[in-house]
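Reader: I'm new to reading protein structures, and I'd love a close look at a single part. Could you pick one strand, walk me through its surroundings, and then show me what else is worth finding?

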Amino acid sequence: MGRSWKNIGSMDNIPIQGARRLCFGHEGRPIAIFRTVDDQFFALIDECPHRRGPLSEGIVSGKTVTCPLHNWVIDLTDGGAVAPDEGRTTSLPIRVVAGELHVGLPAAAEPAA
């Protein structure tokens with residue numbers, strides 16, 4: 001299955017060591033875009049695997065974000081909880097094209113014939 005790349009605007013709209021929740025989601029779940037201090041960008045479903053806390057409201061440090069509800073630390077590169085916690089949120093691909101961010105969403109399935 002292919003990917004549909006959606007332009008979500010200028011990379012400057014995401015604060016350094018911060019995040020923004022997108023106005024659209026994926027499969028009914030919110031998406032958050034994160035920016036690290038060294039200008040790397042990551043996209044995750046904006047729900048902590050523990051209790052669905054809004055990761056976009058957490059603290060970004062290095063390549064992790066700490067959930068604001070119960071301090072679970074989530075790896076931005078793959079959405080996995082950092083030990084000793086266990087669980088995972090969905091990670092989505094993101095790319096920068098001429099200063100614009102694009103998030104990769106799975107293409108819609110073809111209807112059965």
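Author: Happy to! Let's start with how β3 pairs with strand β4 (residues 41-45): the two run antiparallel and are joined by five bridges. To find one of these contacts yourself, look for Ala32, whose bridge partner in β4 is Leu44. Between β3 and β4 the hairpin has five residues, and there Asp39 takes a positive phi near 60°.

Now turn to the pairing of β3 with β2. Strand β2 (residues 18-26) also pairs with β3 in the antiparallel sense, over six bridges. Here you can look for Arg20, which has Ile33 of β3 as its bridge partner. The hairpin that links β2 and β3 has two residues between the strands, and Glu27 in that hairpin has a positive phi near 55°.

So how enclosed is β3 itself? Strand β3 covers residues 29-35, and six of its seven residues are buried, so the rest of the structure largely encloses this strand. Please keep in mind that this is a predicted model.

With that strand in view, we can move on to a sheet elsewhere in the chain. Three strands form an open sheet in the order β1-β10-β9, and their pairing is antiparallel. At its edges are β1 (3-10) and β9 (94-97), each of which pairs on one side only. From one strand to the next, the twist averages 30°. Strand β10 (residues 100-106) runs antiparallel to β1, and seven bridges join them. A good place to check this is Arg3, which stands opposite Pro106 in β10.

Finally, let's look at two cysteines. A disulfide is a covalent bond between the sulfur atoms of two cysteines. How many disulfides does a search of the whole structure find? The search finds zero. Cys48, for example, is in no disulfide, and the nearest cysteine sulfur, which belongs to Cys67, is 3.9 Å away. Why is there no bond here? The cut-off for a disulfide is a pair of cysteine sulfur atoms within 2.5 Å, and the 3.9 Å from the sulfur of Cys67 to that of Cys48 is therefore too far for a bond.

Are these cysteines buried or exposed? Cys48 is buried, with a relative accessible area of 3%, and Cys67 is buried too, at 2%. Both values fit the cut-off for a buried residue, which is under 20% relative accessible area.

Key:
Residues are numbered from 1 along each chain as its sequence is written. This is a predicted model: local features need pLDDT of at least 70, side-chain atom pairs count only at pLDDT 80 or more; totals for chains, interfaces and linings use all residues. Side-chain values use heavy atoms; hydrogens and water are left out. Buried means under 20% relative accessible area, exposed over 50%, partly exposed in between (1.4 Å probe, protein chains only). Helices (H or I, at least four residues) and strands (E, at least two) are DSSP runs, numbered from the N terminus. Two strands pair if DSSP finds at least two bridges between them. Axes are lines fitted to C-alpha atoms, for helices over the stretch in contact, and angles run from 0 to 180 degrees between N-to-C directions.
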